Amino acid sequence: MESQIIEIDLADWQVNAPNQEWIAGLEAGKVLYFPHLAFELLESELSLLTPEIRDPKKRNISLDERGHLKGAAAGVDNQLALALMIGRFREQAQTLVYSLLPKYRGQLRLAPTSYRPTQVETRTQSWRADDRRLHVDAFPSRPNYGERILRVFCNINPDGVPRVWRVGEPFETVAAKFLPRAKPYSRWQASALKALHVTKSLRSEYDHLMLQLHDGMKGDLEYQKNAGQITMPFAAGSVWVCFSDQASHSVMSGQYMLEQTLHLAAAKQYDPSSSPLAILTRLAGHPLV
Ligand code: AKG
């Protein structure tokens with residue numbers, strides 16, 4: 001299998017010369033890995049690196065678009081420090097993305113920024129929510145009609161512990177395997193899910209198929225074991241970027257990560273024909289949104 005990782009030896013969040021090979025690789029579903037791009041923690045922020053800082057009822061700590069912090073169990077001082085740390089990462093993640101991908105400027109919609117202080121190995125989840133299984137991202141309650149999910153991840157582990165992912169095979173290979181097994185789309189069922197507020201808007205055929213891929217992959221233990229994949233330790237003090245709706249991935253171990261999600265209309269990509277929407281539409285043979 002061709003490598004799904006492109007290693008980029010830069011140590012600055014501002015990329016000076018955008019590189020076509022990196023852009024094409026990212027849009028083909030590869031992971032851009034910056035092993036020497038570190039997020040500098042302030043001395044005073046080291047105390048924020050503890051799992052107890054998260055509200056145990058919440059999965060992550062997040063800073064929303066309006067600057068509101070959610071999911072923290074900390075007192076006022078720590079809440080402020082968390083918001084500043086996560087906000088600084090948000091700025092740097094945007095600097096990286098806009099300098100790496102200048103065509104996306106003005107086209108990206110910022111989603112909340114998350115801080116994940118929990119040790120991956122200790123999380124208990126249902127199979128469907130278990131990100132230790134290879135998957136492409138698709139969300140049951142939030143249909144996105146093919147809008148892209150671009151993510152910047154940063155391992156801030158203070159003890160040098162890597163965040164270990166598995167990275168799977170290209171999207172088209174995944175789709176060719178799981179589309180034939182997908183349940184057919186039902187417009188009637190999509191309307192019912194919306195009426196019951198299970199989904200925030202009408203689930204499109206695209207969203208249905210992406211969920212079928214997500215669930216198909218996670219539910220197939222044989223596939224989890226035997227699919228083309230590599231184990232990828234993302235070092236402490238490193239950053240990686242991918243379209244997580246396209247790159248097959250899972251997280252096996254690690255602790256303390258910052259993550260920024262940005263959304264992009266597939267039509268605004270350098271090459272819209274490489275998007276999951278274009279690939280699934282081609283494979284299905286009819287419009288999906
Ligand atoms: C996801 O957010 O889709 C993941 O698979 C989790 C990645 C991680 O926590 O490292």
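Begin by selecting R166, which stands opposite T231 of strand β8. The model on the screen is a predicted one, with a mean pLDDT of 96 over the chain and 100% of its residues at 70 or more; its scores are ipTM 0.97 and pTM 0.97.

Extend the selection from R166 to the whole of strand β7, residues 163-167, and display the side chains, which alternate along the strand. R163, W165 and V167 point to one face and are buried, whereas V164 and R166 point to the other face and are not buried. Now add the two partners of this strand. Strand β8, residues 230-234, runs antiparallel to β7 and is joined to it by five bridges, while strand β10, residues 249-253, is also antiparallel to β7 and is joined to it by four bridges. On the β10 side, pick W165 and look across to V251, its bridge partner.

Next, select the open sheet of eight strands, which follow one another in the order β1-β2-β9-β6-β11-β5-β3-β4 with mixed pairing. Strands β1 (5-7) and β4 (69-70) are at the edges, and because each has a single partner strand, one side of each lacks a neighbour in the sheet. Within this sheet, zoom in on β5, residues 109-116, and β11, residues 257-264, which pair in the antiparallel sense over six bridges. A convenient pair to label here is R116 with M257, its bridge partner in β11.

Keep the sheet in view and add helix α2, residues 76-100, which lies across β3 (61-63), β4, β5, β6 (148-155) and β11, and which runs at about 50° to β11.

Move then to a pair of helices, α3 (residues 171-178) and α7 (residues 276-284), whose axes come within 11 Å and cross at roughly 40°; the crossing is right-handed. To see how they meet, show F171, E172, A175 and A176 of α3 together with P276, I279, L280 and L283 of α7, the residues that make the contact. Coloured by class, this contact comprises seven nonpolar residues, no polar ones and one charged one.

For the last stop, select D215 in helix α5, residues 205-218. Is D215 buried or partly exposed? It is partly exposed, because 18 other C-beta atoms lie within 10 Å, and a residue counts as buried only at 20 or more. Finally, add H135 and draw the C-alpha to C-alpha distance to D215: the two residues are 80 apart in sequence and 7.8 Å apart in space.

Conventions
Residues are numbered from 1 along each chain as its sequence is written. Two strands pair if DSSP finds at least two bridges between them. Helices (H or I, at least four residues) and strands (E, at least two) are DSSP runs, numbered from the N terminus. Two residues are in contact if their C-beta atoms, placed from the backbone, lie within 7 Å. Axes are lines fitted to C-alpha atoms, for helices over the stretch in contact, and angles run from 0 to 180 degrees between N-to-C directions. A residue is buried if 20 or more other C-beta atoms lie within 10 Å of its own, exposed if 12 or fewer, and partly exposed in between; C-beta atoms are placed from the backbone. pLDDT is the predictor's confidence in each residue, from 0 to 100. A crossing is left-handed if the near helix is turned anticlockwise from the far one by less than a right angle, and right-handed if clockwise. Ala, Val, Leu, Ile, Met, Phe, Trp, Tyr, Cys and Pro count as nonpolar, Asp, Glu, Lys and Arg as charged, and the others, Gly among them, as polar.
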